[in-house]
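Reader: I'd like to learn how to read a protein structure, one feature at a time. Could you walk me through this one?

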Amino acid sequence: MERIVCRTALILGVLLLAMYTPVRAMTVDAKASVLMEAETGRVLQEDNMHEKLAPASVTKVMTMLLIYEALEQERVKWDDIVTVSAHAASMGGSQVYLEAEEKQSVRDLTKAVVIASANDAAVAMAEFIAGSEEAFVTQMNKKAAELGMENTHFVNPSGLDAEGHLTTAYDIALMSRELILKYPEVIEYATTRLDSITHKTARGEEEFGLTNTNKLLRRYGGITGLKTGSTGLAKYCISATAEKEGMQLIAVVLAAPDPTIRFDNAVKLLDYGYANYALIAKEESGTAMGEIPIYKGKVESAPVVIKEQTNVLAPKGKHIVVDSDIRIEESLDAPIQSGQKAGIVIYTHEGEEVGRSELIVAEEIGKASPGDMMGRLFRRWLFTEA
């Protein structure tokens with residue numbers, strides 16, 4: 001059970017520059033769009049963000065997420081060699097022209113997916129990780145459900161048009177957020193404009209150039225990725241990620257009428273976010289927030305501290321009042337491990353939660369011995385008698 005230790009209104013003396021006066025939300029020339037702040041997951045601007053649409057190669061955000069997850073779990077390694085199947089080599093659309101029985105490393109196939117949006121490389125990696133494209137798609141849909149992507153159903157890992165292959169701008173923002181926060185190393189390839197792989201076939205070796213499909217790399221300062229896409233059904237799509245002023249934004253645009261408007265819309269969304277919002281740092285990691293009673297411990301109480309600093313998203317151009325609810329458990333039973341959870345701090349602005357931090361016990365605490373308990377009782381008796 002938790003108890004509220006204190007509730008304070010923290011007046012953050014943050015008067016941000018008047019030049020950042022909030023502007024009205026803009027219109028986006030596309031069927032659907034959303035702007036999300038990555039750390040908090042808060043939606044800053046949206047238009048039809050839950051409408052189910054074909055995502056084209058923006059699908060590969062999920063493919064990339066599962067590749068990096070497999071690498072993290074060491075189910076595959078960067079230097080593993082993949083033998084390309086005839087099925088993978090048959091993929092149309094954007095490709096790097098892999099041939100059946102060609103051998104490529106996981107590293108080079110991943111580069112081809114992230115940089116050049118290669119459908120053949122995506123299917124080759126899907127088969128290598130899961131055993132078949134169908135099994136990989138099952139993993140894609142399972143991960144989508146875990147992330148709360150309620151309006152998404154994947155049919156393939158490439159994004160080629162297929163019946164029932166649908167998602168939403170909001171769901172794309174969710175998987176993009178998971179990818180850049182959990183595997184920020186993807187940004188290295190997502191921001192690489194030019195690279196190459198070497199085709200290795202029975203005819204010998206031949207270098208093949210990779211060109212990034214994201215034209216915002218040349219155009220927008222702070223861009224970190226992430227994925228473009230276009231098909232006849234989906235039209236022109238993008239999940240654009242950027243980082244400025246310590247804040248990461250995700251701008252998703254679906255079904256724009258042409259590629260230039262797709263990029264223009266993404267820029268408008270990102271500009272709106274950076275012009276109107278900022279992250280305000282709260283208490284640093286390790287900040288003491290109170291004490292918690294320890295039952296049958298070497299000590300009777302222990303300090304409770306912030307586990308990780310939380311940033312609060314707030315509008316620019318005004319004083320921000322943030323309420324802070326510090327909630328600490330009634331007590332903990334010894335022994336206590338260093339870093340054991342002891343409560344939470346919930347931050348709210350105008351009644352809406354804007355962030356939370358976990359509270360932990362900062363030190364290891366052993367269980368009291370019978371002698372410790374006797375000594376403690378004796379001291380209490382002396383104090384009571386006095």
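Author: Happy to. Let's start with a term: helices (H or I, at least four residues) and strands (E, at least two) are DSSP runs, numbered from the N terminus. Here, leucine 279 is found in strand S11 (residues 277-281). Residues are numbered from 1 along each chain as its sequence is written, and side-chain values use heavy atoms, with hydrogens and water left out. Keep in mind that this is a predicted model, where local features need pLDDT of at least 70 and side-chain atom pairs count only at pLDDT 80 or more, while totals for chains, interfaces and linings use all residues.

Reader: Is leucine 279 buried or exposed?

Author: The idea first: buried means under 20% relative accessible area, exposed over 50%, and partly exposed in between (1.4 Å probe, protein chains only). Leucine 279 counts as buried because its relative accessibility is 18%.

Reader: Which residues does leucine 279 touch?

Author: Contact means heavy atoms within 4.5 Å. Not counting residues up to four places away in sequence, leucine 279 touches Glu37, Glu39, Thr40, Gly246, Met247, Asn311, Val312 and Leu313. You can also look at C-alpha atoms: those of leucine 279 and glutamate 245 are separated by 8.4 Å, with the two residues 34 apart along the chain.

Reader: Now sheets. In what order do the strands of the open sheet come?

Author: Two strands pair if DSSP finds at least two bridges between them. In this model, five strands make an open sheet in the order S3-S2-S10-S9-S8, with antiparallel pairing. Strand S3 (43-47) and strand S8 (223-231) are the edge strands, each pairing on one side only. For angles, axes are lines fitted to C-alpha atoms, for helices over the stretch in contact, and angles run from 0 to 180 degrees between N-to-C directions. The twist averages 5° from one strand to the next.

Reader: How many bridges pair S8 and strand S9?

Author: Eight bridges, in the antiparallel sense, with S9 covering residues 235-244. Find threonine 231 and you'll see that it stands opposite lysine 235 in S9. Lysine 235 also has a phi near 60°, a positive value in a residue other than glycine. With a relative accessible area of 38%, lysine 235 is partly exposed.

Reader: Which helix lies across S8 and S9?

Author: Helix H6 (residues 169-182) does, and H6 also lies across strand S2 (32-37), S3 and strand S10 (247-256), running at about 145° to S10.

Reader: What about peptide bonds? Where are the cis ones?

Author: One cis peptide bond joins glycine 225 and leucine 226, with omega about 15°; leucine 226 has its place in strand S8. Another joins alanine 334 and proline 335, with omega about 5°. Proline 335 lies in the loop between strand S16 (332-333) and strand S17 (341-349).

Reader: And how do I read the empty spaces?

Author: Rolling a probe the size of a water molecule over the atoms shows where empty space is left. On a 1 Å grid over the protein atoms alone, a cavity is a set of points where a 1.4 Å probe fits but cannot get out, and a pocket is an open set with protein on both sides within 12 Å along at least five of seven lines; lining residues have an atom within 4 Å of a point. Grid points are joined across faces, edges and corners, and a volume is the space filled by probe spheres set on the points. About 300 Å³ of space lies in the largest pocket here. Of the 17 residues that line the largest pocket, Glu39, Thr310, Gly355, Arg356 and Ser357 are the closest to its centre.

Reader: Which strand gives the largest share of the lining of the largest pocket?

Author: S18, with seven residues. The second largest pocket has a volume of about 190 Å³, and the largest share of its lining, five residues, comes from S8.

Reader: How many cavities of 30 Å³ or more does the structure hold?

Author: Two. The largest cavity has a volume of about 40 Å³, and its lining includes Leu226. That's the leucine from the cis bond with glycine 225. S8 gives the largest share of the lining of the largest cavity, three residues. The second largest cavity has a volume of about 30 Å³.
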